[in-house]
Amino acid sequence: MGTTASRDGRLESDSEDDGLDSPQSPSSERSFHDSEVGTPAPAPRRDSSDFSTPDATISLRMGSLTLDGPASVSGLRKAKLYQYIQGKWLTAAKSVGWQFVKEEDGDDEEDEEDEEWRSSTVGHKNYSFWMFEVGGARARVDDRLQMHFYEDQMRVDFVAKGVWALKFPIKEQFRACSIEYEDAKFENTYFLEPTEANKVKVFGKDFLGWVSGKEEDDSVWMDAEDVIPTPSKTKELRETLKTPSKTAIQSLAMGGMDHSFLVNDYGLDVLTNRSTGLEGTGITIRFQDGGRPVIGSSAFRTPKKGMLIRGESNMMLISPSKDGKANAGGVSQLDIGTGKMVAEWKFEKDGTPISMMDVTNDSKGAQLYSNGSTFLGLDNNRLCRWDMRDSQGIVQQLASPAALTWTEGHQFSRGTNFSCFATSGDGSVVVGSKDGKVRLYSTTSMRMAKTAFPGLGSPITHVDVTYDGKWVLATTDTYLILISTVFRDKDGRMKTGFSGRMGGKIGAPRLLKLRAFDAHRDGKQQKLHGGKFSWVTEEGKQERYLVVSAGTFTVVWNFDIVKDSTHDCYKHQTGLKSCYCYEVVAKPESIVQSTFMHEKFLDDSGEAPLVVATRQELSSFNL
């Protein structure tokens with residue numbers, strides 16, 4: 001268990017001398033280089049009205065492949081088409097035309113998931129989008145295509161109701177496809193032509209190099225790697241413990257001391273933290289009245305999240321509003337030792353009820369401290385700190401709803417579109433947004449971000465930050481963004497973007513992506529969610545892994561390998577570097593959460609266990 005599908009064996013084609021190989025296994029890769037030629041200017045993309053039907057008739061529908069007529073195609077740029085079926089690359093067409101065309105995206109066959117994607121990423125009705133056309137079938141150019149370009153093989157893999165690959169006959173075609181794809185994606189995302197002036201308008205002058213992944217911007221990554229151990233070999237994951245749940249698991253509250261907790265429909269299952277993973281104790285803390293505490297008048301539904309506080313002796317439970325919205329009007333406080341709800345708190349500012357979509361601890365290790373009385377809250381346009389003490393400084397323990405004290409923060413008038421946040425070891429805050437931006441706030445002010453990274457085109461659904469604040473991980477539906485926050489100020493001193501404004505020469509981000517066949521596992525698009533670093537709370541220690549959930553499987557990257565600029569994944573890549581080297585843990589049902597245990601729970605090999613929760617089961621894995 002633990003390897004990606006690309007390691008399941010040789011990927012076959014219709015002939016021995018012209019097949020597609022697994023790019024995950026460098027030893028088995030074959031090269032398809034032609035003689036060196038200069039970088040060509042791409043042929044102009046054409047509107048669909050300019051498309052001339054080829055003489056040969058080829059009818060191709062992604063997901064239901066049919067070919068009519070001879071294999072050769074005239075009048076179009078041509079490539080060989082493969083389809084990935086049951087672990088093998090099989091030839092679908094020996095010669096098929098491809099191009100980028102512009103037309104209104106009005107495919108009536110799109111499913112509900114596609115419609116959700118369109119409505120969340122596009123605010124322009126009847127817009128003429130750039131489409132990627134292969135043999136007459138078209139797919140809109142966006143991140144769902146999961147395009148993966150292999151320059152050494154002159155090949156691109158992509159997803160369009162199935163997994164496909166085009167192998168180009170000459171480098172000019174490969175490079176033209178790569179350039180035209182990036183231009184079309186920019187225009188489809190930002191509704192602007194891909195000119196230099198428009199890119200400055202979208203990204204800002206200081207971040208042009210950052211979003212383009214220019215080679216000279218890697219200098220900061222190299223500086224950061226000076227203190228990083230030599231990359232270790234990726235190890236296979238093995239399952240060590242399995243704990244069933246009597247009812248649907250909502251979330252997992254990881255403890256750094258003796259216990260962790262499963263938040264269920266009816267209460268909490270108490271788990272013991274061990275070096276082999278999480279082990280069930282058989283102890284359950286049931287919520288009163290089937291999930292609705294009988295405290296005050298605003299009873300909550302099944303909580304979506306539990307946050308440990310005060311040396312992990314208490315837990316804050318945040319629940320969706322009664323109207324079904326994700327935002328909550330307050331939190332309930334559970335005393336884990338007695339199993340009783342001891343307080344219910346309302347979110348108010350200046351006497352007016354407000355809502356929060358999420359809460360988190362003041363810092364990455366704050367839940368381990370016994371004297372904490374504050375925590376952070378986030379809403380679409382609010383970032384603030386809440387205090388459980390009253391005006392006299394006494395911690396309230398009430399049997400009726402009480403208003404939390406807004407101690408600091410800011411209520412933005414518009415335009416922030418906050419979606420998620422996280423804290424570093426010193427309490428710095430990173431916030432992700434629906435527009436794709438990632439903002440860094442210092443420990444001294446929540447009013448204005450010290451650094452704001454521009455979006456890359458997809459909404460941010462989850463963020464995490466290393467304990468030292470030097471690295472940020474942002475999750476989108478189709479890829480992860482790993483950001484180095486380290487930079488040198490005008491005096492040459494090393495800082496992070498939490499403490500100073502980054503600009504000019506800063507390290508370009510790295511993207512962590514799924515290979516096309518993993519992105520389309522189980523015959524449908526797999527959305528990533530909940531990307532996290534392994535859990536470190538000690539100064540000077542570096543996180544070792546990154547983990548994210550996707551459908552029925554969990555994906556793990558080795559942090560050292562991702563940061564290594566000489567890693568095989570980055571060879572032959574242009575633009576932003578993307579890492580496809582990962583391990584996979586597959587489960588029979590959808591995964592709710594994937595995370596690593598605290599650094600103190602190490603096995604004999606010195607690694608903390610990985611914990612994977614589905615709706616009905618909790619599994620632990622050692623590396």
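How many of the 20 residues of H2 are buried? The points below start there and move outwards.

1. Helix H2 is a good place to begin. Of its 20 residues, 14 are buried (under 20% relative accessible area with a 1.4 Å probe, protein chains only), so H2 is largely enclosed by the rest of the structure. Please keep in mind that this is a predicted model, in which local features need pLDDT of at least 70, side-chain atom pairs count only at pLDDT 80 or more, and totals for chains, interfaces and linings use all residues. Residues are numbered from 1 along each chain as its sequence is written, and side-chain values use heavy atoms, with hydrogens and water left out.

2. H2 covers residues 171-190 and reaches 29 Å from its first C-alpha to its last, close to the 28 Å expected (1.5 Å times one less than its number of residues). Helices here are DSSP runs of H or I with at least four residues, and strands are runs of E with at least two, numbered from the N terminus. Just after H2, look for Phe-191, which takes a positive phi of about 60°.

3. H2 also helps to line the second largest pocket, giving the largest share of the lining, 11 residues. A pocket is an open set of points on a 1 Å grid over the protein atoms alone, with protein on both sides within 12 Å along at least five of seven lines; lining residues have an atom within 4 Å of a point. About 1,200 Å³ of space lies in this pocket, where volume is the space filled by probe spheres set on the points. Of its 37 lining residues, Glu-182, Ser-212, Thr-574, Gly-575 and Leu-576 lie nearest the centre. Domain 1 (78-105 + 127-194) and domain 2 (219-289 + 300-622) both contribute to the lining, so the pocket lies between them.

4. Now for the enclosed spaces: the structure holds 5 cavities of 30 Å³ or more. A cavity is a set of grid points where a 1.4 Å probe fits but cannot get out. The second largest has a volume of about 50 Å³, and Asp-143, Tyr-181 and Lys-513 are among the residues that line it. Domains 1 and 2 both give residues to this lining, so the cavity lies between them.

5. Finally, visit Gln-525, in the loop between helix H6 (516-519) and strand S35 (528-533). Gln-525 counts as buried, because its relative accessibility is 19%. A polar atom of its side chain lies 3.0 Å from the backbone oxygen of Arg-144.

How values were computed: Buried means under 20% relative accessible area, exposed over 50%, partly exposed in between (1.4 Å probe, protein chains only). A polar contact is a pair of N or O atoms within 3.5 Å; within protein, one must be able to donate a hydrogen and the other to accept it, and residues adjacent in sequence count only if both atoms are side-chain atoms. Domain bounds come from an automatic or database domain assignment.
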